[in-house]
Structures are given as C-alpha cells and as structure tokens.
Amino acid sequence: MGNSAIDLTGKCALVTGGSRGIGRAISMCLASQGARVAFNYLRNREAAAEAVKMISAVGPEPLELRGNVADDDHVERMFTTLEKEFGKLDILVSNAALGVLKPVTQLREKDWRWTMDINARALVTLSKFAIPLMGDRGGSIVAVSSLGATHAIPFYGAVGASKAALESLVRHLAIENAINNIRVNVVSGGAVDTDALKFFPNREEILEESLKRSPAGRLVTPQDMADAVLFLVSDLAKMVHGQTLIVDGGTSVVA
Ligand SMILES: NC(=O)c1ccc[n+]([C@@H]2O[C@H](COP(=O)([O-])OP(=O)(O)OC[C@H]3O[C@@H](n4cnc5c(N)ncnc54)[C@H](OP(=O)(O)O)[C@@H]3O)[C@@H](O)[C@H]2O)c1
C-alpha cells in the first residue's frame, strides 16, 4: 500500500511502541515507503516477533529494540544499538503509551508519575538522544496523542494531562529546533479499536459513542493515524512545525 508521492528510501526511523496497534501500523507504513525502521516495545515478545514479520513483508527488515521509554538507561541503551546499526536517525515517532485509568481523586502519586513519565517525559529523553543523530541533515519528530489532551474523558484524567503535557512539549521542541531543520509535530487521534481500549472499563461505550458522534460515520483506524504520520514526516510537510494534526473524522469540531 505504498504512497508513490512519498519516498523514504535511505531514511532511518525509530517508532516507540511500534510492535502493536497504531505503532505497528506506523512502522509498516514508514517501511513500505522504503525507510529502515527500528521499533521499540516493552513486554510482549510475541507481538514483537509478529511485527518483525509484518514489517519485513512490506519493507526493509526492522530492528527490534526492547526497553521502557520511561527509563533513561533503557533509552540510552536503545540509542547505542540504534547508532551502531543505523549510524543515523531521520525520523522519530514517539508513540508508546500506558497509563492509569482512574477518576482524578483516586490517583496516587505513583500513578501520576508513572503515567507522566511514559507518556510525556519520554519525549524529552528520546529527543535528547535522537536530535544529535539527525545532525546537520535535520529530521522529523512526531508524537502520538489523543483527544483526551483537550477533552474530558471518563477515567482519563492522568492520561489526558500527560497528553496535554506532550502536546505542549512538542510546541516547545519545535521552536527550539526549527532553525536546524528538525520539525516536531503531533498526530492526535479519536478512539481507535486497539488492545489499549481493553483496559477501559467503558470500552464498549467509548466505541459506540465515537461511532455515533463521528461526522465521517466510522471509527479511526491505525492506518488513518499512520497516514497522518507519513504526511508529517514527509517533505510535503516541510514548513509544518509544532502543529497538532487531529485525525478523528471531524468529531472534535462538532459544536
Ligand atoms: N487506541 C486509541 O483509542 C488511541 C487513540 C488516540 C491516540 N492513541 C495513542 O496512540 C498510541 C498507541 O496506542 P495503541 O492504542 O496502539 O496502544 P497499544 O495497542 O496498547 O500498543 C502500545 C504499544 O506501546 C508499547 N509500550 C507501552 N508502554 C511502553 C513503554 N513504557 N516503553 C516502551 N514501549 C511501551 C507496547 O509494547 P508491549 O506490547 O510490549 O506492551 C505496544 O507496542 C498511544 O500514544 C496512544 O495514546 C490511541
């Protein structure tokens, strides 16, 4: 399913949380345009092995990097391997996320820190290592966010706050690095039916409501998210810096 307008041959990409769901669709999309993809994951080795097969079927064989994006030592180790194998980086997609789903007043300090570290602070650490590897050529960073950054969703207080922080970090990273031709943007999605939704006590309700409220009449798919990432990392978006591209079939603009 390659897009003939975009050629990523010779580019190297890192996709965090790239073994399942939206991250896997992004990894496959970038690989199918010719990029060498390193994908990261945390625990699920079976999903990672499956991702290797699926990515290899559409593009260059991927590099698998296991590690927790919230752990600075793990991130450093992943970048040591990445630099050894790829020697450079052109694209970083910060997609991995986890979080505690609770009403705000039930959040414990460790729930808050854990969620913030994985979903927001990871972008700081990843960028610190990624930007030097982009060097004088420049590059593109995309963070994956959700409508919970700007809208209230039941049980989503900690994750929503972490996504709001993520989107703000993107704007700041964007202005700090634009002069070096490094573009930093966000793709934010409406509900996508991935494994992540299984952790919501109200999964069925989220899916039904999202479908009912979507002006486009269908749910967002992992491929929809991947296509938006592909646009943002491509030269077609060469003057797009610090923006949030919302992929929700129009749901968030309904009055
Ligand atoms: N699903 C939605 O409705 C939706 C909507 C809008 C935006 N998003 C965003 O899209 C992104 C992907 O979501 P998804 O639904 O595709 O999730 P998913 O299916 O649960 O997949 C999550 C991926 O992230 C990895 N991961 C989780 N925590 C990690 C950590 N600390 N370090 C490294 N890797 C980690 C997982 O690895 P393991 O397999 O090893 O656990 C897996 O590869 C997230 O940023 C999410 O907020 C999702």
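What follows is a conversation about how the labels on this predicted model are reached.

Colleague: Let's start with N119. Why does N119 count as buried?

Modeller: N119 has 28 C-beta neighbours inside 10 Å, and the label buried asks for 20 or more, so N119 counts as buried. Its place is in helix 4, residues 109–134.

Colleague: Which residues does N119 touch?

Modeller: Not counting residues up to four places away in sequence, N119 touches A97, G99, V159, S162, K163 and L166. Of these, V159, S162, K163 and L166 are listed among the buried residues of helix 5.

Colleague: And E83, what makes E83 partly exposed?

Modeller: E83 has 14 other C-beta atoms within 10 Å. Exposed would need 12 or fewer and buried 20 or more, so E83, with its 14, is partly exposed. E83 has its place in helix 3. E83 and N119 are 36 residues apart in sequence and 24 Å apart in space, C-alpha to C-alpha. For E83 and I246, 163 residues apart along the chain, the C-alpha separation is 32 Å.

Colleague: Back to helix 4. How do you know that the span of helix 4 agrees with its 26 residues?

Modeller: At 1.5 Å a residue, those 26 residues should span 38 Å, and the end C-alpha atoms of helix 4 are 36 Å apart, which agrees.

Colleague: Where is the kink in helix 4 centred?

Modeller: On R121, with a kink of about 50°. Just after helix 4 comes G135, with a positive phi near 55°.

Colleague: What do the buried residues of helix 4 pack against?

Modeller: Their partners are strand 1 (12–15), helix 3 (72–86), strand 4 (91–94), strand 5, helix 5 (157–177) and strand 6 (182–189). The buried residues themselves include T115, I118, N119, L123 and M134.

Colleague: How does helix 5 fare on the span test?

Modeller: Its 21 residues should span 30 Å at 1.5 Å a residue, and the end C-alpha atoms are 30 Å apart, so the two agree. The cover over the buried residues of helix 5 includes helix 4, strand 5, strand 6 and strand 7.

Colleague: Now helix 7. Why is helix 7 described as largely enclosed by the rest of the structure?

Modeller: Because nine of its 12 residues are buried. Those residues are P222, D224, M225, A226, A228, V229, L230, L232 and V233. Among the elements covering them are helix 1, strand 4, strand 5, strand 6 and strand 7 (244–247). The span agrees too: helix 7 should cover 16 Å, and its end C-alpha atoms are 17 Å apart.

Colleague: Which residues touch the most other members of the largest nonpolar core?

Modeller: I26, L30, M225 and V229, out of 64 residues in that core. Helix 4 supplies the largest share, eight residues. Apart from it lies another core of five residues, among them Y156, A158, V159 and A161. As for M225, leaving aside neighbours within four places in sequence, its contacts include I22, I26, V144, V187 and V247.

Colleague: F155 has a positive phi of about 70° although it is not a glycine. Why does F155 count as buried?

Modeller: F155 has 20 C-beta neighbours inside 10 Å, and 20 or more is what the label requires, so F155 counts as buried. F155 lies in the loop between strand 5 and helix 5.

Colleague: What about N181, another non-glycine with a positive phi, of about 60°?

Modeller: N181 lies in the loop between helix 5 and strand 6. With 14 other C-beta atoms within 10 Å, N181 is partly exposed.

Colleague: And what makes L211 partly exposed?

Modeller: L211 has 17 other C-beta atoms within 10 Å, while buried begins at 20, so L211 is partly exposed. L211 lies in helix 6, residues 203–213.

Colleague: Finally, the ligand. Which residues come nearest to the ligand?

Modeller: Of the 30 residues around the ligand, G17, G21, N44, A97 and A196 come nearest. Two or more residues of the shell come from each of helix 1 (21–32), strand 2 (36–41) and strand 5 (139–146), and helix 1 gives the most, with three.

Colleague: How do the residues of that shell divide?

Modeller: Into 15 nonpolar, 12 polar and three charged.

Notes
Residues numbered from 1 in each chain as written. Predicted model: local features only at pLDDT ≥ 70, side-chain atom pairs only at ≥ 80, totals over all residues. Near = placed C-beta within 6 Å. Helix = DSSP H or I, 4+ residues; strand = E, 2+ residues; numbered from the N terminus. Nonpolar A, V, L, I, M, F, W, Y, C, P; charged D, E, K, R; others polar. Contact = placed C-beta atoms within 7 Å. Expected span 1.5 Å × (residues − 1). Bend = angle between axes of the 7 residues up to and from the residue. Core = buried A, V, L, I, M, F, W, Y, C linked by C-beta atoms within 7 Å.
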